[in-house]
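Work through the exercises below with the model open. Try each task before reading its solution.

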Amino acid sequence: MEEFKRLERNLVAHGAILDYYQDTIQIPNGNVAKWDFIKHKGAAAIVPVDDEGRLIMVKQYRNALNRDTLEIPAGGLNSEDEPTLDAAVRELKEETGFTARNVELLLTLCTTVAYSNEKIDIYLATGLCAGKQHLDEDEYVQIGAYTVDELAERIYAGEIQDAKTIAAVLAYKDKYCKDR
């Protein structure tokens, strides 16, 4: 045997945004292992950049960390078939109130490849037009504008620890701010 083979996948718990499974896997040496698997329908995020070159960020409480975090706007897909571009534009409008004249894919990341299939497409939004937030009833989000250098400093100081935000800010800085 030269490959991994899933022998069984059992649903352990069904949640609002993810499902938890236990997989039985035959590994190449013939042994059988039990592995956890978290199924996620996917997510989208967006890096909104205003006309002054500042990134619009959201500050919100995150239960898993029991504290506020500073992040790029993001959210889960409404269904596995929803285009991530639609979800990113929706989250931009809901969380910040902004719409964008230009939106392009910046990068795609898989958040935790050891046990989850969660994938996040991260977009860049420019040509922003201000509007009104449309938060979900369980959301409380504050917005602020930051320079890419301010955000990079916060990343390296350990103040920003959210993986999608770190990847997005540093990818944006590398791709669009090389002359700084």
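Three exercises follow, each with a worked solution.

This is a predicted model: local features need pLDDT of at least 70, side-chain atom pairs count only at pLDDT 80 or more, and totals for chains, interfaces and linings use all residues. Residues are numbered from 1 along each chain as its sequence is written, and side-chain values use heavy atoms, with hydrogens and water left out.

**Exercise 1.** Find where Gly 42 lies and state whether Gly 42 is buried or exposed.

Solution.
- Start with the loop between strand S3 (32–40) and strand S4 (43–48); Gly 42 sits there. Strands are DSSP runs of E, at least two residues, and helices are runs of H or I, at least four, numbered from the N terminus.
- Next, take the relative accessible area of Gly 42: 7%, so Gly 42 is buried. Buried means under 20%, exposed over 50%, partly exposed in between (1.4 Å probe, protein chains only).
- Then list contacts (heavy atoms within 4.5 Å). Leaving aside neighbours within four places in sequence, Gly 42 contacts Gly 76, Leu 77 and Lys 119.

**Exercise 2.** Place Glu 91 and list what Glu 91 touches.

Solution.
- Glu 91 belongs to helix H1 (residues 84–96).
- Its relative accessible area is 6%, so Glu 91 is buried.
- Not counting residues up to four places away in sequence, Glu 91 touches Pro 73, Ala 74, Gly 75 and Thr 96.

**Exercise 3.** Describe how S2 and S3 are joined.

Solution.
- Strand S2 (residues 18–26) and S3 run antiparallel, joined by 9 bridges. Two strands pair if DSSP finds at least two bridges between them.
- Ile 25 stands opposite Ala 33 in S3.
- The hairpin has 5 residues between the strands, and Gly 30 takes a positive phi near 95°.
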